[in-house]
Amino acid sequence: VQLQASGGGLVQAGGSLRLSCAASGRTFNTYAMGWFRQAPGKEREFVTAINRSGTTTYADSVKGRFTISRDNAKNTVYLQMNSLKSEDTAVYYCAAASSSLVVTTRPAYWGQGTELTVSS
């Protein structure tokens, strides 16, 4: 599966933004999907994931502020980000894997990344 992330940009602290990740192929609904991020000078970290049935999991740092969702008809996964903080500044990557356990640790497929900058 090929993934194309979009929607990044510059946002003020406290603001909101929605990222999208469009997937190719006809088997999107069989994949667990996730979002990761990599801040400057830091390692890539898990943000959130959603499995095939819609069950979600979040990193503690974004819980209550970020929401992942998927639209299987559009082969797209979304990341709604609210109450943004400067520490959310990073390149955000979408990812896919065969299961929600795998997508949180070692996804098989990665998108190219979309950059979010949160100004304080």
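## Overall build

Of the chain's contacts (heavy atoms within 4.5 Å) with a separation of 6 or more, 57% are between residues 24 or more positions apart. This is a predicted model, where local features need pLDDT of at least 70 and side-chain atom pairs count only at pLDDT 80 or more, while totals for chains, interfaces and linings use all residues. Residues are numbered from 1 along each chain as its sequence is written, and side-chain values use heavy atoms, with hydrogens and water left out.

The chain has one helix and 11 strands, taken as DSSP runs numbered from the N terminus (helices: H or I, at least four residues; strands: E, at least two). Going along the sequence, you get β-β-β-β-β-β-β-β-β-α-β-β.

## Size and surface

The radius of gyration is 13 Å, which agrees with the value near 14 Å for a compact globule of 120 residues; it is taken over C-alpha atoms, and the globule rule is 2.2 Å times the number of residues to the power 0.38. The C-alpha trace spans about 40 × 25 × 25 Å along its principal axes.

Accessible surface adds up to about 6200 Å², with 46% of that belonging to carbon and sulfur atoms (Shrake-Rupley method, 1.4 Å probe; for residues, only the protein chains shown count as cover). As for burial, 45% of the 120 residues count as buried, meaning under 20% relative accessible area, with exposed over 50% and partly exposed in between (1.4 Å probe, protein chains only).

## Strand β3 and its partners

Strand β3 (residues 17-23) is mostly covered, with five of its seven residues buried. On one pairing, β3 runs antiparallel to strand β1 (residues 3-6) through four bridges; strands pair if DSSP finds at least two bridges between them. Here Leu 3 sits opposite Ala 23. β3 also runs antiparallel to strand β8 (residues 76-81), joined by six bridges, and Leu 19 has Leu 79 as its bridge partner there.

## The nonpolar core

The largest nonpolar core has 37 residues, and Trp 35, Met 81 and Tyr 92 touch the most other members. Its largest share, six residues, comes from strand β9 (residues 90-97). Such a core is a set of buried Ala, Val, Leu, Ile, Met, Phe, Trp, Tyr and Cys residues joined through side-chain atoms within 4.5 Å.

Setting aside neighbours within four places in sequence, Met 81 contacts residues including Leu 17, Leu 19, Phe 66, Tyr 92 and Leu 116.

## A look at Thr 117

Thr 117 belongs to strand β11 (residues 114-119) and is partly exposed, at 31% relative accessibility. Beyond its neighbours within four places in sequence, Thr 117 is in contact with Gly 9, Leu 10, Val 11 and Thr 89. Its C-alpha atom is 7.6 Å from that of Asp 88, 29 residues apart along the chain.
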